[in-house]
Amino acid sequence: MVLSCVVEPMRPADLDEVVAIERASFPRPWPRWAFESELSLPYTCYLVARPRQEPPEEGPCLLRRRPGPAQGPIWGYAGMQVILEEGHIMTLAVHPEHRRRGIGTLLLLHLFAEARKRKVLRLTLEVRETNLAAQCLYRQFGFAVAGRRRRYYSDGEDALIMWSDRLDTLESQARLERLRSRLPGGKRFEREERGDLDSGPGDVL
Ligand SMILES: CC(C)(COP(=O)(O)OP(=O)(O)OC[C@H]1O[C@@H](n2cnc3c(N)ncnc32)[C@H](O)[C@@H]1OP(=O)(O)O)[C@@H](O)C(=O)NCCC(=O)NCCS
């Protein structure tokens with residue numbers, strides 16, 4: 001069996017695991033109640049990524065349309081708020097043991113897809129000035145620095161404000177396709193999308 005991931009909506013029952021990853025990922029982690037509050041809002045979208053086992057003939061696949069029943073622990077999560085045509089990415093984190101495997105990319109691809117469904121035109125976020133790993137990831141998605149919030153974080157560090165390109169352009173779609181195709185199983189996902197492969201019921205992206 002090989003390992004793949006599915007992405008699902010975050011539920012209150014996920015919060016023990018989410019808060020553990022949060023504490024391992026941020027110097028000033030969000031408390032549990034902050035996640036509870038976000039999940040209770042109608043205009044938010046919070047997602048978790050979990051591993052699942054695939055039959056060997058399927059091969060590893062980070063992008064897939066068929067969520068399977070056997071799911072493992074949470075490896076990463078992301079969330080955004082949507083207000084009219086703007087989406088604000090509130091958080092993104094991957095368990096330290098599972099970084100650099102495409103899970104951050106996978107979660108962002110799902111947030112972008114959800115943003116498009118909700119007619120969002122642009123996404124924005126704040127990122128620590130020193131968080132070069134996250135900035136590098138965001139740039140791959142078409143985000144660029146548009147400003148700075150001085151001493152935004154409680155330890156005094158500045159935040160960079162990043163905005164994405166417009167999501168409703170061919171350029172943006174092409175960028176997301178390129179990012180999808182680089183993930184394990186991304187090519188297969190595209191063949192499923194075109195109808196070259198039977199995708200079965202369900203759709204997680
Ligand atoms: C930022 C974070 C979510 C990235 O998750 P991830 O699953 O490791 O990301 P991916 O594997 O999809 O990486 C995609 C690309 O991002 C960039 N990137 C990710 N981590 C990086 C690092 N440590 N250094 C440099 N570039 C990095 C790379 O370009 C990478 O592509 P590559 O692996 O082909 O070189 C993860 O490092 C994390 O949880 N950090 C702590 C929490 C955090 O900072 N969240 C963002 C708050 S704004």
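Helices (H or I, at least four residues) and strands (E, at least two) here are DSSP runs, numbered from the N terminus. Keep that in mind as you click around, and remember that this is a predicted model.

**Start with the whole chain**

Color the protein chain by secondary structure. You should count six helices and seven strands. Going along the sequence, the pattern reads β-α-α-β-β-β-α-β-α-β-β-α-α. Of the 205 residues in the protein chain, 30% count as buried. If you like contact maps, take the contacts in the protein chain between residues at least 6 apart in sequence: 69% of them join residues at least 24 apart.

**Next, the ligand**

Select the ligand and bring up what is around it. The shell has 17 residues, and the closest are R99, G104, T105, A133 and L137. Which elements each supply at least two residues of this shell? Highlight β4 (86–94), α3 (103–117) and α4 (132–140) to see them. The top contributor is α4, with four residues. Now color the shell around the ligand by class: nine residues are nonpolar, five are polar and three are charged.

**Now the β-α-β unit**

Stay with β4 and α3, and add β5 to the selection. Together β4, α3 and β5 form a right-handed β-α-β unit. The two strands, β4 and β5, pair in the parallel sense over three bridges. To find your way in the pairing, pick H88, which stands opposite T124 in β5.

On the way from β4 to α3, stop at the loop between them, where R100 lies. What is the phi of R100? It is near 60 degrees, a positive value in a residue other than glycine. Most residues other than glycine have a negative phi. R100 counts as exposed because it has 8 C-beta neighbours inside 10 Å.

**Walk across β5 and β7**

Show side chains on β5. They alternate: L123, L125 and V127 point to one face and are buried, while R122, T124, E126 and R128 point to the other and are not. Then step over to β7. Five bridges join β5 (residues 122–128) to β7, and the two strands run antiparallel. Two pairs make handy landmarks. L125 stands opposite M162 in β7, and E126 has I161 as its bridge partner there.

Show side chains on β7 as well. L160 and M162 point to one face and are buried, whereas A159, I161 and W163 point to the other and are not. So which strand is antiparallel to β7 over five bridges, besides the one you just left? Select β6, which pairs with β7 in that sense. Here the pair to pick is R148 with its bridge partner in β7, L160.

Between β6 (144–149) and β7 (159–163) is a loop, and R151 is found in it. R151 has a positive phi of about 50 degrees although it is not a glycine. With 10 other C-beta atoms within 10 Å, R151 is exposed.

**Into the core**

Hide the loops and go inside. In soluble globular proteins, nonpolar side chains tend to be buried together. The largest nonpolar core has 42 residues, and those with the most contacts inside it are L47, Y77, L107 and L111. At least two core residues come from each of β1 (2–9), α1 (15–25), β2 (44–54), β3 (76–83), β4, α3, β5 and β7. The biggest share comes from α3, with eight residues.

Center on L47 and list its contacts. Leaving aside its neighbours within four places in sequence, L47 is in contact with V7, E8, P9, M10, Y77, A78, L107, H110 and L111. Y77, L107 and L111 in that list are also among the residues with the most contacts inside the core.

**Last stop: I83**

Finish on strand β3, where I83 lies. Is I83 buried or exposed? It is exposed, because 9 other C-beta atoms lie within 10 Å, and a residue counts as exposed at 12 or fewer. Put a distance label from I83 to V120: the two are 37 residues apart in sequence and 8.3 Å apart in space, C-alpha to C-alpha.

Conventions. Residues are numbered from 1 along each chain as its sequence is written. This is a predicted model: local features need pLDDT of at least 70, side-chain atom pairs count only at pLDDT 80 or more; totals for chains, interfaces and linings use all residues. A residue is near a molecule or strand if its C-beta atom, placed from the backbone, lies within 6 Å of it. Ala, Val, Leu, Ile, Met, Phe, Trp, Tyr, Cys and Pro count as nonpolar, Asp, Glu, Lys and Arg as charged, and the others, Gly among them, as polar. A residue is buried if 20 or more other C-beta atoms lie within 10 Å of its own, exposed if 12 or fewer, and partly exposed in between; C-beta atoms are placed from the backbone. Two strands pair if DSSP finds at least two bridges between them. A nonpolar core is a set of buried Ala, Val, Leu, Ile, Met, Phe, Trp, Tyr and Cys residues joined through C-beta atoms within 7 Å. Two residues are in contact if their C-beta atoms, placed from the backbone, lie within 7 Å. A crossover is right-handed if, with the strands pointing away from the viewer, the path from the first strand over the helix to the second runs clockwise.
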